[in-house]
Structure formats: structure tokens, C-alpha cells
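Please look at the sequence and the structure together, and keep both in view as you read the report that follows.

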Amino acid sequence: GAGAGVGAGAGAERCPAAWLPALQLLRRGSKAVTRHWKAMHFQRQKLLALTEYLPPRPAVPPRCLPRHTPEGHQEDGYVRVLRRQVEETLRSSRMVAVCQYNSMADEDVVTLRHFLRKHNIHVKFFLNEVVRPVLAQSKYRNLLPLFVCRNILLVSPETRAREMLRVLKGVPQVNLLGACIDDTILSRQGVENFARLPPLEASQGQTVAALSLLSSQTSSLLQQGPAHLTALLDEHIRQLREAGESTEPPPGQSTAND
């Protein structure tokens with residue numbers, strides 16, 4: 001019986017059905033999902049849209065308001081230097097053209113500078129934050145509406161509008177917006193009309209010729225009356241002399257009668 005028990009125990013140990021693992025995996029039944037997404041009713045959507053809070057819009061957009069500068073803030077020295085350069089440029093230039101500048105390759109910018117410098121026209125890159133305060137306190141204040149994007153200045157101590165337009169015609173990335181020539185603010189069309197005018201020396205010569213013609217015509221008209229009167233008097237005197245000579249007797253005939 002003991003041997004049988006031992007044999008039975010050994011058989012139970014060798015039997016895989018009697019071996020239980022230390023970790024058992026139990027599968028439980030999952031719960032059914034009873035809540036699904038459902039579209040909101042149209043009436044509720046309308047109600048939420050009508051009752052949504054909309055903050056009031058400011059009368060002036062914030063980007064259009066002047067920036068608040070704290071009291072006691074000192075202006076940057078570099079900005080003062082740039083503004084001084086702008087003032088000097090405007091003071092020494094008879095022609096100041098404002099152009100809209102689009103992105104260009106560095107080689108194209110160098111070429112543009114070269115062709116403009118041949119006509120004594122210089123390209124100036126200034127930030128609008130630097131230029132606008134200077135223009136606001138100068139005679140160029142009416143050019144302020146043109147500085148709304150990335151701009152460049154074409155300045156020259158001479159009035160080279162014709163040469164400037166000829167160079168800009170081949171550069172579509174630079175668009176002329178307006179200019180101030182000899183203290184006269186002109187639009188793009190005004191600059192084009194100014195470029196069609198003859199040179200100043202030719203205009204002065206035409207003016208002098210026109211004035212000289214008027215004065216010569218006036219002088220001839222004033223002298224025409226006296227000259228005609230003089231001619232009439234000379235003719236009258238000549239006729240009187242001829243009449244007097246015809247009525248006088250010959251000298252020899254009067255002596256014979258005596």
C-alpha cells in the first residue's frame with residue numbers, strides 16, 4: 001500500500017494536469033459601451049451661437065496706436081545717429097524719391113546701386129521707425145503716408161528724375177511711390193511728367209526768347225506811329241517845295257522886263 005501510494009504520488013507529480021502555474025490569467029467579460037457621440041441638436045447650436053460672448057472691438061486697432069514709452073526712458077544712441085544721418089541726407093538733396101522695396105538678390109542690389117550712382121543718385125536704406133519721426137518735423141511731412149511698408153530712399157543733389165525712371169524701368173522689385181523735387185511733392189505720375197520737361201537751361205532760353213520777342217514787337221508797334229508821321233511830314237514838305245519852285249518866275253525873265 002505504501003509502495004502504491006508512493007507510486008501514485010510520483011505519477012501525480014509527473015502528470016501535467018496536476019501542475020498549476022503560479023500566475024493565472026483570468027478573462028473577465030467587458031462591459032458594453034452604451035454612450036456614443038451624438039451630434040448636437042441644431043436648435044441648441046443656434047442658441048449657443050446667439051448667447052456666445054463677443055468682446056467689443058476697440059475703436060482704433062491696437063497696432064495703430066502709438067507705443068507707450070515709459071517715463072525716463074532714454075533714446076538709444078544708435079537711433080540718434082541714424083536720425084542725424086536721415087536729416088543730413090534730406091538737407092543735402094534736391095530730389096528725394098520714396099520707393100517700395102521687395103526682396104532682391106544681393107547681386108541685383110549692387111547692380112542697382114551702380115547704375116544709379118552713375119547718375120549721382122544714391123540708395124538709402126532706413127527703417128521706418130527712424131525716418132518717420134524725422135519727416136514729421138520737417139518740410140517732407142506730407143510724404144509720411146508713403147512709409148507703410150519696407151521702403152528705400154533714392155536721393156540726389158540734382159534733379160535726375162529722367163535717369164532715375166530709366167533705371168527703375170528695368171527693376172520691377174523697386175516701385176516708385178512719390179518724390180519731393182525742389183521742395184515740391186509729386187506723385188508717380190507727377191514725377192513722370194516732370195521727367196518729360198526740357199532741361200532748365202533750355203526752358204530759360206525759351207523764356208528769354210519769348211520775352212525778347214514780346215518786347216521787340218512792342219517796340220516796333222510803338223515806333224510805327226512816329227515813323228509813319230515822319231514819313232508823311234517829309235512828303236508834305238517835299239510837295240510844298242515843288243509847288244513853290246513851280247510858281248517862281250525864272251530869274252532871267254524878270255530882269256528883261258525891268
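## The loop between β4 and β5

D183 is placed in the loop between strands β4 and β5. The model shown here is a predicted one, and in it the phi angle of D183 is near 65°, a positive value in a residue other than glycine. With a relative accessibility of 55%, D183 counts as exposed, because the cut-off for that word is over 50%.

D182 is also placed in the loop between β4 and β5, and D182 too has a positive phi, of about 55°, although it is not a glycine. As background to these two angles, most residues other than glycine have a negative phi. D182 has a relative accessibility of 37% and therefore counts as partly exposed, since that class lies between the limits of 20% and 50%.

## A salt bridge across the chain

Which residue does the side chain of D182 meet in a salt bridge? The partner is R94, and the distance from N to O is 2.9 Å. This pair links distant parts of the chain, for D182 belongs to the loop between β4 and β5, whereas R94 belongs to the loop between helix α3 (77–91) and strand β1, and the two residues are 88 residues apart. Like D182, which has a relative accessible area of 37% and is partly exposed, R94 is partly exposed, with a relative accessible area of 41%.

## The sheet

The strands named so far belong to an open sheet of five strands, which has the order β2-β3-β1-β4-β5 and antiparallel pairing. At its edges are β2 (122–124) and β5 (184–187), each of which pairs on one side only. Neighbouring strands of the sheet are turned by 25° against each other on average, if direction is ignored. In general, the strands of a sheet pair through backbone hydrogen bonds, and they may do so either parallel or antiparallel.

One pairing can be followed residue by residue, namely that of β1 (residues 95–101) with β3 (residues 151–156), which run antiparallel and are joined by six bridges. Within this pairing, the bridge partner of C99 in β3 is I152.

## A helix packed on the sheet

Helix α6 (residues 161–168) packs on the sheet, where it touches β1, β3 and β4 (174–181), and its direction makes about 170° with that of β4. Is α6 mostly covered or mostly uncovered? The helix is mostly covered, given that six of its eight residues are buried.

The buried residues of α6 are A161, E163, M164, L165, V167 and L168. Strands β1, β3 and β4 are included in what covers them, and so are two helices, α4 (106–117) and α7 (188–196).

## A buried serine in β3

S156 is found in strand β3, and it counts as buried because its relative accessible area is 0%, while the class extends to anything under 20%. A polar atom of the side chain of S156 lies 3.2 Å from the backbone oxygen of E158.

If the neighbours of S156 within four places in sequence are left aside, S156 is in contact with S93, R94, M95, N120 and I121. One of these residues, R94, has already appeared as the salt-bridge partner of D182, so that R94 can be traced from S156 to the loop between β4 and β5.

## A network in helix α8

The structure holds seven salt bridges, and among them are two that share the residue R238. The side chain of R238 meets that of E235 at 2.2 Å, from N to O, and the side chain of R238 also meets that of E242 at 2.6 Å, again from N to O. Through these contacts E235, R238 and E242 are linked in a network of salt bridges.

How many residues apart are E235 and R238 in helix α8? They lie three residues apart in this helix (residues 200–247), which is about one turn of the helix. E242 and R238 lie four residues apart in α8, and that is likewise about one turn. Each member of the network is partly exposed: E235 has a relative accessibility of 33%, R238 has one of 37%, and E242 has a relative accessible area of 44%.

Terms used. Residues numbered from 1 in each chain as written. Predicted model: local features only at pLDDT ≥ 70, side-chain atom pairs only at ≥ 80, totals over all residues. Heavy atoms only, no water. Pairing = 2+ DSSP bridges. Axes fitted to C-alpha atoms, helices over the stretch in contact; angles between N-to-C directions. Contact = heavy atoms within 4.5 Å. Buried < 20%, exposed > 50% of the residue type's maximum accessible area, 1.4 Å probe, protein only. Salt bridge = Lys/Arg side-chain N within 4 Å of Asp/Glu carboxyl O. Polar contact = N/O pair within 3.5 Å; in protein donor to acceptor, adjacent residues only side chain to side chain.
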